[in-house]
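Reader: I'm new to this, so could you walk me through how to read a protein structure?
Author: Sure, let's take it one feature at a time.

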Amino acid sequence: MFNDTRVKLQIWDTAGQERFHTLSTSYFRGAQGFVLVYDITNLKSFQSITVWMSDIYEKAGDEVDVILLGNKCDKESERVVPKQKGEKLAWEYGMPFFETSAKENVNIEHAFSVLTKEILEKKSSVLHDLDVVSLNETKKRTCCAF
Ligand SMILES: Nc1nc2c(ncn2[C@@H]2O[C@H](COP(=O)(O)OP(=O)(O)OP(=O)(O)O)[C@@H](O)[C@H]2O)c(=O)[nH]1
């Protein structure tokens, strides 16, 4: 529930396809938000985030909401990506960032709440813009009738 609005999330997992970088465009088309996840114990997964960001911008547009997660934060002794690196990258793209642990349920719910909130806020501002457009259109039609 967000401000008395019941929200149903439909979440698509890439289920391994991302390894071959052959994600179908249907993953991008129509999506309102993206959760980009790297593994803090795997440098390559962190390095590929920028590639995924260009893909998202290219295929889904730059208006969609994206959050960045550094997962497996329970494996501190195996960490190779410092938290500050994740924070810096997220800051550069202007997106929220959290370190998470799916295993120990750290920050997972919070991360999805933040993304959902951003999507809802964007939606309401788009609806507001549509109102403005429809008012202008009415004006135009009145004008053309004369
Ligand atoms: N320690 C730890 N292990 C995790 C965590 N999240 C996932 N794993 C483990 O990492 C491995 C890969 O997890 P998956 O959820 O299959 O990762 P994935 O990238 O979604 O894999 P695909 O669906 O095949 O793309 C599994 O062995 C998980 O148990 C975490 O937060 N901490």
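**Around the ligand**

Author: A backbone N or O atom of Ala-102 lies 2.8 Å from an oxygen atom of the ligand. Keep in mind that this is a predicted model.

Reader: How much of the ligand's exposed 640 Å² does the protein bury?

Author: Taken alone, the ligand exposes 640 Å², and the protein buries 50% of that.

Reader: Which side chains have a polar atom by the ligand?

Author: To spot a polar contact, look for a pair of N or O atoms within 3.5 Å. In the side chain of Asn-71, an N or O atom is 3.0 Å from a nitrogen atom of the ligand. Ser-101 has a polar side-chain atom 3.5 Å from a ligand oxygen atom.

Reader: And what classes of residue make up the shell around the ligand?

Author: Sorted by class, that shell has six charged, three polar and two nonpolar residues. The residues around the ligand include Glu-18, Arg-19, Lys-72 and Asp-74.

Reader: Okay, now helices. Which residues of helix 3 are buried?

Author: Buried means under 20% relative accessible area. In helix 3, which runs over residues 83-93, that goes for Gly-86, Leu-89 and Ala-90. They sit on the same side of helix 3, because they cover an arc of only 95° around the axis.

Reader: What covers them?

Author: The cover for the buried residues of helix 3 includes strand 1 (33-39), helix 1 (43-47), helix 2 (49-60), strand 2 (65-71) and strand 3 (97-99).

Reader: And what does the face turned away from the buried side carry?

Author: You'll find exposed residues there: Gln-84, Lys-88 and Trp-91. Follow the chain just past helix 3 and you meet Gly-94, with a positive phi of about 65°.

Reader: Let's try single residues. Is Ser-45 buried or exposed?

Author: Ser-45 is found in helix 1. Its relative accessibility is 18%, so Ser-45 counts as buried. A polar atom of the Ser-45 side chain lies 2.7 Å from the backbone oxygen of Asn-42. Leaving out residues up to four places away in sequence, Ser-45 touches Tyr-38 and Asp-39.

Reader: What about Ile-11, buried or exposed?

Author: The cut-off for exposed is over 50%. Ile-11 has 57% relative accessibility, so Ile-11 counts as exposed. Look for Ile-11 in the segment before strand 1.

Reader: How far apart are Ile-11 and Glu-76?

Author: There are two ways to put it: Ile-11 and Glu-76 are 65 residues apart in sequence, and 28 Å apart in space from C-alpha to C-alpha.

Key: Residues are numbered from 1 along each chain as its sequence is written. This is a predicted model: local features need pLDDT of at least 70, side-chain atom pairs count only at pLDDT 80 or more; totals for chains, interfaces and linings use all residues. Side-chain values use heavy atoms; hydrogens and water are left out. Buried means under 20% relative accessible area, exposed over 50%, partly exposed in between (1.4 Å probe, protein chains only). Helices (H or I, at least four residues) and strands (E, at least two) are DSSP runs, numbered from the N terminus. The arc is that of the directions from the helix axis to the C-beta atoms. Contact means heavy atoms within 4.5 Å. A residue is near a molecule or strand if one of its heavy atoms lies within 4 Å of it. A polar contact is a pair of N or O atoms within 3.5 Å; within protein, one must be able to donate a hydrogen and the other to accept it, and residues adjacent in sequence count only if both atoms are side-chain atoms. Accessible areas come from the Shrake-Rupley method with a 1.4 Å probe; for residues, only the protein chains shown count as cover. Ala, Val, Leu, Ile, Met, Phe, Trp, Tyr, Cys and Pro count as nonpolar, Asp, Glu, Lys and Arg as charged, and the others, Gly among them, as polar.
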